[in-house]
Amino acid sequence: MGNHTYKKLELVGSSRTSLEDAISSAIDRAHQTVANLRWFEVVETRGQIENGKVAYWQVTLKVGFTLED
């Protein structure tokens with residue numbers, strides 16, 4: 001196995017359903033335009049409150065992808 005060089009980018013995903021859905025939707029969207037996605041790291045979690053309930057989950061992710069040779 002050869003050495004890999006990675007590049008990181010930052011994404012913010014949101015969902016009315018859950019943190020997991022916010023993560024998945026951000027990664028799914030990035031996958032449409034960024035090749036070779038390999039890993040992610042959640043760096044911030046926050047949400048929006050409406051009428052005393054969680055209305056949105058929002059996560060900031062760092063996503064790593066390998067650079068093409």
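A residue counts as buried when its relative accessible area is under 20%. By that rule, buried residues make up 25% of the 69 residues in this protein. Welcome to the structure, which is a predicted model. Its secondary structure consists of one helix and three strands, and here is a short tour.

**Fold and overall shape**
- Following the sequence, you meet the elements in the pattern β-α-β-β.
- The radius of gyration of the protein is 14 Å, whereas a compact globule of 69 residues would have one near 11 Å.
- Along the principal axes, the C-alpha atoms fill a box of roughly 55 × 20 × 15 Å.
- Among the contacts with a separation of 6 or more, 62% join residues that are 24 or more positions apart.

**Surface and charge**
- The protein exposes about 5200 Å², and carbon and sulfur atoms supply 47% of that area.
- There are 8 positive and 9 negative charges, and the mean positions of the two groups lie 3 Å apart.

**A charged pair to look for**
- Side chains of opposite charge can pair when their charged atoms come close.
- The structure holds one salt bridge, in which the side chains of R46 and E44 meet at 2.6 Å, N to O.
- R46 counts as partly exposed because its relative accessibility is 31%, which falls between the 20% cut-off for buried and the 50% cut-off for exposed.
- E44, its partner in the salt bridge, also counts as partly exposed, with a relative accessibility of 39%.

Conventions:
Residues are numbered from 1 along each chain as its sequence is written. This is a predicted model: local features need pLDDT of at least 70, side-chain atom pairs count only at pLDDT 80 or more; totals for chains, interfaces and linings use all residues. Side-chain values use heavy atoms; hydrogens and water are left out. Helices (H or I, at least four residues) and strands (E, at least two) are DSSP runs, numbered from the N terminus. The radius of gyration is taken over C-alpha atoms; the globule rule is 2.2 Å times the number of residues to the power 0.38. Buried means under 20% relative accessible area, exposed over 50%, partly exposed in between (1.4 Å probe, protein chains only). Contact means heavy atoms within 4.5 Å. Accessible areas come from the Shrake-Rupley method with a 1.4 Å probe; for residues, only the protein chains shown count as cover. Lys and Arg count as positive and Asp and Glu as negative; His and the chain ends are not counted. The place of a charge is taken as NZ of Lys, CZ of Arg, CG of Asp or CD of Glu. A salt bridge is a side-chain nitrogen of Lys or Arg within 4 Å of a carboxyl oxygen of Asp or Glu.
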